[in-house]
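Okay, thanks for coming, everyone. I'd like to walk you through the empty space in this one, and then one helix. Let me put it up on the screen.

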Amino acid sequence: MKLISWNVNGLRACLTHDFAASFAALDADVFSVQETKMQPGQADFAPEGYTEYTYSAEKKGYSGTACWCKTAPLSVATGIGIEEHDHEGRVLTLEYPEFYLVNCYTPNSQDGLKRLDYRMTWEDAFRAYLLELDAKKPVILCGDLNVAHQEIDIKNARTNRMSAGFTDQERAKMTELLAAGFTDSFRAIHPDEVKYSWWSYRFHAREKNAGWRIDYFIVSNRIADKIKAAEIHNEVFGSDHCPVELDIDL
């Protein structure tokens, strides 16, 4: 089974940058996207052979998640069941017979860390949600989790320490999630590889490869041995992020 996740930074914009061709070339069984920045029906994209599921933010042109599936899930859930966290279209959960797929766009802590306190509340609530699912069947979490976990996951670790996405607090929450029974698929397969999934639009960051690895596939420990491949497709353009891939035998 091949899974793809991509923060498209606005699906309508990405469609003008060959999203449809990239989607077809990647040929995923489930293709998850984050930051759709749209309401249902605002994009002209209906790939043959896929069923679409979307979860939009209440605020227009902001956040949002979507999945396209070759095989329809048993059930689909939006949000994490906590009113405080369920207005921004951030979590879309697909239940399959053998696993849950959770597509997540984690809240950014923002410039000046204005939203860091909220982010900490979110992290604890979201981890509890994942553990609740994991008690029933294995979980595959994908998405833009808005944190570079270790220094290997960011080009300029020293100068970015305490920047949003690389604060000690956010990194500790990722450590806590993994310690709760989950595996970072890319790091499991590529323990020493330096590869990034996001680059600022400023300072020619992508051509200099001054990036961050903030897009993930994270799986329950008990299915980590089923991972066949975990890739970062930094050859694919169209957004400030690139797609990430998980191949898993379930």
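So, there are three cavities of 30 Å³ or more in here, and keep in mind that this is a predicted model. The largest cavity comes to about 80 Å³. Two elements each put two or more residues into its lining, helix H3 (116-134) and helix H5 (168-179). Which of them gives the most? That's H5, with four residues. If you want to find the spot on the screen, look for Phe126, Leu141, Val147 and Met174, which are among the lining residues. The lining also includes Glu123, Arg127, Glu170 and Lys173. By class, you get six nonpolar, one polar and four charged residues around that cavity.

Next, the second largest cavity, at about 60 Å³. Here strand S3 (51-55) and S4 are the elements that give two or more residues to the lining, and S4 contributes the most, with three. Leu11, Met38, Pro40 and Trp68 are among the residues around this cavity. The split here is five nonpolar, five polar and one charged.

Now the pockets. The largest pocket holds about 840 Å³ of space. It has 29 lining residues, and those closest to its centre are Asp111, Ala164, Trp198, Ser200 and Trp212. What does the lining look like by class? Nine residues are nonpolar, 13 are polar and seven are charged.

The second largest pocket has about 150 Å³. Ser200 turns up in this lining too, along with others including Trp199, Tyr201, His204 and Asp240. Count by class and you find three nonpolar, four polar and four charged residues.

Last stop, helix H2, residues 19-26. Phe19, Ser22, Phe23 and Leu26 are buried there. Why do they end up on the same side of H2? Because they cover an arc of only 100° around the axis. And what do the buried residues pack against? Strand S1 (2-7), helix H1 (11-15), strand S2 (30-34) and strand S4 (65-69). So that's S4 again, and we already met S4 in the lining of the second largest cavity. Flip over to the face of H2 turned away from the buried side, and you'll see Ala24 and Ala25, which are exposed. One more detail: just after H2, Asp27 has a positive phi of about 50°.

That's what I had. Over to you.

Notes
Residues are numbered from 1 along each chain as its sequence is written. This is a predicted model: local features need pLDDT of at least 70, side-chain atom pairs count only at pLDDT 80 or more; totals for chains, interfaces and linings use all residues. Side-chain values use heavy atoms; hydrogens and water are left out. On a 1 Å grid over the protein atoms alone, a cavity is a set of points where a 1.4 Å probe fits but cannot get out, and a pocket is an open set with protein on both sides within 12 Å along at least five of seven lines; lining residues have an atom within 4 Å of a point. Grid points are joined across faces, edges and corners, and a volume is the space filled by probe spheres set on the points. Ala, Val, Leu, Ile, Met, Phe, Trp, Tyr, Cys and Pro count as nonpolar, Asp, Glu, Lys and Arg as charged, and the others, Gly among them, as polar. Buried means under 20% relative accessible area, exposed over 50%, partly exposed in between (1.4 Å probe, protein chains only). The arc is that of the directions from the helix axis to the C-beta atoms. Contact means heavy atoms within 4.5 Å.
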